Amino acid sequence: MIIVLAFVIGGLYAAAVYMMLRRSLVKLIFGLILLGHASNLLIFTAGRLVRSRPPIVPENALVPVEPFADPVPQALILTAIVIGFGVQAFAIVLLKRAYQVVGTDDLDQLKSTDS
Amino acid sequence: MLTAVVSGFVLALLAPWLYRIARGAAGWLLSLLPAALFVYFAAFIPQIASGRTAAASLPWVPALGVNLSFYLDGLSLAFALLITGIGALIIIYAGGYLAGDAHLGRLYAFLLMFMASMLGLVLADNLITLFIFWELTGVSSYLLIGFDHQRDEARAAALQALLVTGLGGLAMLAGFVMLGIAGGSLDLTTLLGRGDAVKSHTLYPAILVLVLLGAFTKSAQFPFHFWLPGAMEAPAPVSAYLHSATMVKAGIYLLARLAPIMGGAELWQYSVTVAGAVTMLVGAAIALAQTDLKRILAFSTVSALGTLTMLIGIGTTPAIIAAMTLLLAHSFYKGALFLASGSLDHETGTREVNELGGLLRAMPVTGAATIAAALSMAGIPPLLGFISKELLYESLLHAPIIEEVLTVAGVLAGVAMAALAGVVAIKPFFGEKTETPKSAHEAPASMLLGPALLATLGLAAGLLPNALGASLVAAAAGAALGAPIEVKLSLWHGFNFVLLLSAATLAAGSAAYLMRRKIYRLGESMQRVSQWGPSRWYRSTLDGVLSIADMQTRVLQSGYMRFYLLIVIAATLGPAGYIFWSRVRPAMPQAPMDLRFYEWLVAAVILGAAIATVKSTSRLTAVATLGVVGFGIALIYILYGAPDLAKTQFAIETLTVVLFVLVLYRLPRFTKYSEKPARMRDLAVALGVGGMMTTLVLAVTAIPRESRLAGYFAEHSVATAKGRNIVNVILVDFRGLDTLGEITVLSVAAIGVFALLRLRSSQQKSDPPGDAQ
């Protein structure tokens, strides 16, 4: 599965970079979201894949049964997802606001500080 | 000794405040410190003359071998006495010269700071310490040249001096580091014993070039001489102090200091001697063509610095003795002349020699001091300048290399000096009295003390050479030679060839003085040539640097978002990618593909949805496919043992889609702004990034996994934190503070969202939004 995921990650990165290089502000934000997904998946895969073995300690034991999925990347990704959402929400509202004020979402026309 | 250096800096801090209280008396009061330091250093003379040295050290960065260590031998003592002695006179003089100036307190502060830096420079035993004080003199010199900061010329001259000497200083630092490698120590006292190791080291030529760059820029050697006349924008006391008596001699000091370590090699001998000789001639020639008193003195200083450099390059015992004698003689007469010319300027309102004449009656003391100093400059007995000139000729005649050329050059420079002495002393004070912008009268006592005392010193040291100076010259020359020597100075050496040369020099000098109008005319026609000289190189270099910076800014700061992104991505793909490719061999995992049908499906769905998002022309489709990507990833989390991630991802994905849909119709439509070539370029970049990330994943997963953290958390999750879901335990317990930070970020984002929405509604009342499509 790792090989397949490697290509999924590469594809997501490519899509993200391509979207971020567009002149449209909306597409830039879409690109950012894709970039977040790609990075999360990258961290997840780098922690190796363990099928259907969540890092949870059974009721009557002190340690989880080997093999179990690495909890550290999961903790990192969990944080990243939530922070990513905060950034997205802010970016979307900012985009909406900027569009209302400036009347365009063409980044080439947002070069100067005067609206 | 540490106190001696630091006290100057401390007093510099207090100087402006002291000036506010003491006003006119401040100069006299402040000069007490340099005077006291002079006495302090003078008390060392017997000890140093008998061959002993003094040292003080304070560890600074011991790990790097950098110590704040100071060391007093004959060479540093001679410089320390000049710095403190002339410093005291300069501070008194400045009080008269700039009386009533609102910024006089500041000038005092800069002068004292400079004095302390210069003292630190000549006393430093550690090369790094020396470098730091070297740069401090450069900084204080910048402040002093630009003292009159409202004038454009002063600022430009200050910057020029800082850039030229600062760049030289940086080269010197590199040279010092290499010297430390070659000699195995950064301490001069240790290096003194390792001269042969340094000279035979492969780095020696590089060290030599770099250190000479530092010394030559600081001491205004050709072709770096152009900054010194520019620095004459500074007030007269500053010019006299920094650009004649002390700072410009720092390069000479460095050469003399390093001569026992690096000198003697053929490379050193030729480069230092020839550079000095060329500077001596160029300086003298340009000086002859000048009519501004200060510029005459400035270029004749360049010439004298060249002479000193040349003598140190020759490096024989007579040459070093001549250098040290000239050092003293020059500091006395040139200091006096600079101060006297400042007084002339101050009292008459002009420095143009052709506008000055017959002033001896109006300014008798200044005139007498100028004449005595000029006699010393011309090399007329019984002044110290005569002795130094005799020693100079003597050592040139017996120089180990190109002695004929050097002798001719030395005599030519001597002729120029004699003629220049006539220009600065005879022209302004004798002959017909001329009308000057201000009616001339004698300068105040504070401005007489300096020139008079320095001129008298030149006379007294000439008359009684062995009482005043011989022991100091011997100690200084001994330090520069690396072995103690005996020195007897005398005015009379009997009728010999050297005396004949001296007489010829004077005769030729007088003739040149009388023919000076012809020389000026010659000088004017030379102007066209000098336009192409080093100061033009400086300007074009400066312009070049600025235009490169300009171009680079225009390219990098285009203002287009995607170019910034492209640069960042290209920088990652290029250098980082290169290192990655050249070090890592990605390997396909050897294990057979164990893949289930639904896993294939999920992967295909994610990729397909991502491509659909990119290709979509409708906002709604794009939002939907983006949601599919998110949900697909959540499925992967479920499949591979991360239920918490999946839950969060589902929740967030749903929220994002909802948020998008809420504002969707307020958002602009998808528009294709880019042309096809731009899209192709972006596609290539994007595929490059994608390919690199794929390879990265393959490379990372090919390395055997090692996670000590996973084991640690698994072991302590229940035992220590009493929780069974390890991911949760990490977030709320082990890394609780990180989670607090995360919550903070979310709240800030929430406040931002709220503010943006509120802002809209409040502005809507007064300013309805444009027609949103």
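**Exercise 1. In which loop of chain B is B:Lys722 found? Then describe its backbone and its exposure.**

Solution. The model is predicted.
- Step 1: B:Lys722 is found in the loop between helix H31 (708-719) and helix H32 (726-734) of chain B.
- Step 2: Check phi. B:Lys722 has a positive phi of about 55 degrees, although it is not a glycine.
- Step 3: Set this against the general pattern. Most residues other than glycine have a negative phi.
- Step 4: Check exposure. The cut-off for exposed is over 50%. B:Lys722 has 67% relative accessibility, so it counts as exposed.

**Exercise 2. Carry out the analysis for A:Ser52 in chain A: place, phi, exposure.**

Solution.
- Step 1: A:Ser52 lies in the loop between helix H2 (25-46) and helix H3 (71-102) of chain A.
- Step 2: Phi of A:Ser52 is near 55 degrees, which is positive in a residue other than glycine.
- Step 3: A:Ser52 has 51% relative accessibility and therefore counts as exposed.

**Exercise 3. Place two cis peptide bonds of chain B, at B:Pro223 and at B:Pro382.**

Solution.
- Step 1: Recall the background. Most peptide bonds are trans.
- Step 2: The bond from B:Phe222 to B:Pro223 is cis, with omega near 0 degrees. B:Pro223 lies in the loop between helix H11 (204-218) and helix H12 (227-230) of chain B.
- Step 3: The bond joining B:Pro381 and B:Pro382 is cis, with omega about 10 degrees. B:Pro382 sits in the loop between helix H18 (364-378) and helix H19 (384-397) of chain B.

**Exercise 4. Classify the packing of H8(B) against H14(B).**

Solution.
- Step 1: Take the geometry. The axes of helix H8 (residues 152-183) and helix H14 (residues 250-262) of chain B come within 14 Å and cross at roughly 25 degrees.
- Step 2: Apply the cut-off. Angles under 35 degrees count as roughly parallel. H8(B) and H14(B) are therefore roughly parallel to each other.
- Step 3: Add the hand. The crossing of H8(B) and H14(B) is left-handed.
- Step 4: List the contact residues. H8(B) contributes B:Met172, B:Phe176 and B:Leu179, while H14(B) contributes B:Leu254, B:Leu258 and B:Met262.
- Step 5: Sort them. The contact of H8(B) with H14(B) has 6 nonpolar residues, no polar and no charged.

**Exercise 5. Which residues touch the most other members of the largest nonpolar core? Follow one of them outward.**

Solution.
- Step 1: The largest nonpolar core has 193 residues, and B:Phe41, B:Trp227 and B:Met262 touch the most other members.
- Step 2: Helix H17 (residues 317-348) of chain B gives the most to this core, with 17 residues.
- Step 3: Follow B:Phe41. Beyond its neighbours within four places in sequence, its contacts include B:Ala4, B:Leu72, B:Leu77 and B:Leu123.
- Step 4: Note a second, separate core of 82 residues, with A:Ile3, A:Leu42, B:Ile633 and B:Ile726 among them.

**Exercise 6. Is B:Val164 buried or exposed? Do the same for B:Thr739.**

Solution.
- Step 1: Use the cut-off. Buried means under 20%.
- Step 2: B:Val164, in helix H8 of chain B, has 9% relative accessibility and so counts as buried.
- Step 3: Leaving aside neighbours within four places in sequence, B:Val164 is in contact with B:Thr217, B:Phe224, B:Phe226, B:Trp227 and B:Tyr538.
- Step 4: B:Thr739 belongs to helix H33 (residues 736-766) of chain B. Its relative accessible area is 17%, so B:Thr739 is buried.
- Step 5: With neighbours within four places in sequence left aside, B:Thr739 is in contact with B:Leu731 and B:Val732.

Notes
Residues numbered from 1 in each chain as written. Chains lettered and ligands numbered in written order. Predicted model: local features only at pLDDT ≥ 70, side-chain atom pairs only at ≥ 80, totals over all residues. Heavy atoms only, no water. Core = buried A, V, L, I, M, F, W, Y, C linked by side-chain atoms within 4.5 Å. Buried < 20%, exposed > 50% of the residue type's maximum accessible area, 1.4 Å probe, protein only. Helix = DSSP H or I, 4+ residues; strand = E, 2+ residues; numbered from the N terminus. Contact = heavy atoms within 4.5 Å. Axes fitted to C-alpha atoms, helices over the stretch in contact; angles between N-to-C directions. Parallel < 35°, antiparallel > 145°, perpendicular 65-115°, else oblique. Left-handed = near helix turned anticlockwise from the far one by under 90°. Nonpolar A, V, L, I, M, F, W, Y, C, P; charged D, E, K, R; others polar.
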